[in-house]
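Please keep the sequence and the model side by side while reading, since the paragraphs below move from charged pairs to a helix and then to a surface patch.

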Amino acid sequence: MVTISNTDDVIDSRDVIERIEELEGEREALVDAITDAGADFLDETQKELADWDEENKAELDALKALTEEAEGYSEDWRHGATLVRDSYFEDYARELLEDIGDIPRNLPHYLVIDWEATARNIQMDYTAVDFDGVCYWVR
């Protein structure tokens with residue numbers, strides 16, 4: 001089971017897709033159980049569905065809303081787009097530039113990089129999307 005929260009610094013779109021499929025599968029199984037339930041088990045099965053909705057529907061709705069908004073801005077959504085929480089974007093930019101080799105790992109201590117400005121420059125290639133009230137950046 002994949003857990004996704006709007007407190008995560010970085011989210012992979014494939015995890016969002018997987019979690020939606022997982023939640024939809026659980027709910028569909030409960031709906032099917034209601035259809036298949038005999039009169040003796042109908043009330044119990046309906047209660048299970050109501051309990052599931054109470055516990056999981058808000059998460060499913062938030063993930064679907066995120067997908068609906070973000071997949072239009074990312075052609076890689078189905079294959080793995082990265083969503084970066086706004087409050088983490090500066091750290092993300094630093095790690096990204098180090099990982100791709102644009103910033104040498106042994107940068108002398110006397111050189112200073114304005115990471116805030118650098119992150120803003122990189123952010124220009126990203127689009128802001130809302131995940132349950134929190135801003136994430138995707139491209």
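How many salt bridges does a search of the whole structure find? In this predicted model, the search finds ten, and a few of them serve here as a way into the fold. Side chains of opposite charge can pair when their charged atoms come close.

A convenient starting point is the pair formed by Arg14 and Asp12, whose side chains meet in a salt bridge with an N to O distance of 2.6 Å. Arg14 counts as partly exposed because its relative accessibility is 43%, and Asp12, at 21% relative accessibility, also falls in the partly exposed class.

Further along the chain, Glu22 and Arg19 are joined through their side chains by a salt bridge of 2.3 Å, again taken from N to O. Both residues belong to helix H1, which covers residues 13-36, and because they are three residues apart there, about one helical turn separates them. An α-helix has 3.6 residues a turn, so residues three or four places apart point the same way. Arg19 has a relative accessible area of 4% and is therefore buried, the cut-off for that class being under 20%.

Helix H2, made of residues 42-70, contains a pair with a spacing of four residues, namely Lys47 and Asp51, which are likewise separated by about one helical turn. The closest N and O atoms of Lys47 and Asp51 lie 2.9 Å apart in their salt bridge, and Asp51 is partly exposed, with a relative accessibility of 31%. Salt bridges with shared partners also link Arg19, Glu22 and Glu59 into one network.

The next element to examine is helix H5, residues 115-123, and the question is which of its residues are buried. They are Trp115, Ala117, Ala119, Ile122 and Gln123, and these buried residues of H5 pack against helix H4 (89-99) and strand S4 (134-138). At the N-terminal end of H5, Asp114 acts as a cap, with one of its side-chain oxygens 3.3 Å from the backbone nitrogen of Glu116.

Attention can now turn to the surface, where Leu107, Tyr110 and Leu111 form a nonpolar patch that together has about 310 Å² of accessible area. Tyr110 is located in the loop between H4 and H5. Is Tyr110 buried or exposed? Tyr110 has 59% relative accessibility and so counts as exposed, a class that begins over 50%.

Definitions and conventions: Residues are numbered from 1 along each chain as its sequence is written. This is a predicted model: local features need pLDDT of at least 70, side-chain atom pairs count only at pLDDT 80 or more; totals for chains, interfaces and linings use all residues. Side-chain values use heavy atoms; hydrogens and water are left out. A salt bridge is a side-chain nitrogen of Lys or Arg within 4 Å of a carboxyl oxygen of Asp or Glu. Buried means under 20% relative accessible area, exposed over 50%, partly exposed in between (1.4 Å probe, protein chains only). Helices (H or I, at least four residues) and strands (E, at least two) are DSSP runs, numbered from the N terminus. Contact means heavy atoms within 4.5 Å. A polar contact is a pair of N or O atoms within 3.5 Å; within protein, one must be able to donate a hydrogen and the other to accept it, and residues adjacent in sequence count only if both atoms are side-chain atoms. Patches are made of residues with over 30% relative accessible area and no salt bridge: like charges are joined within 9 Å, nonpolar side chains (Val, Leu, Ile, Met, Phe, Trp, Tyr) within 5 Å. Accessible areas come from the Shrake-Rupley method with a 1.4 Å probe; for residues, only the protein chains shown count as cover.
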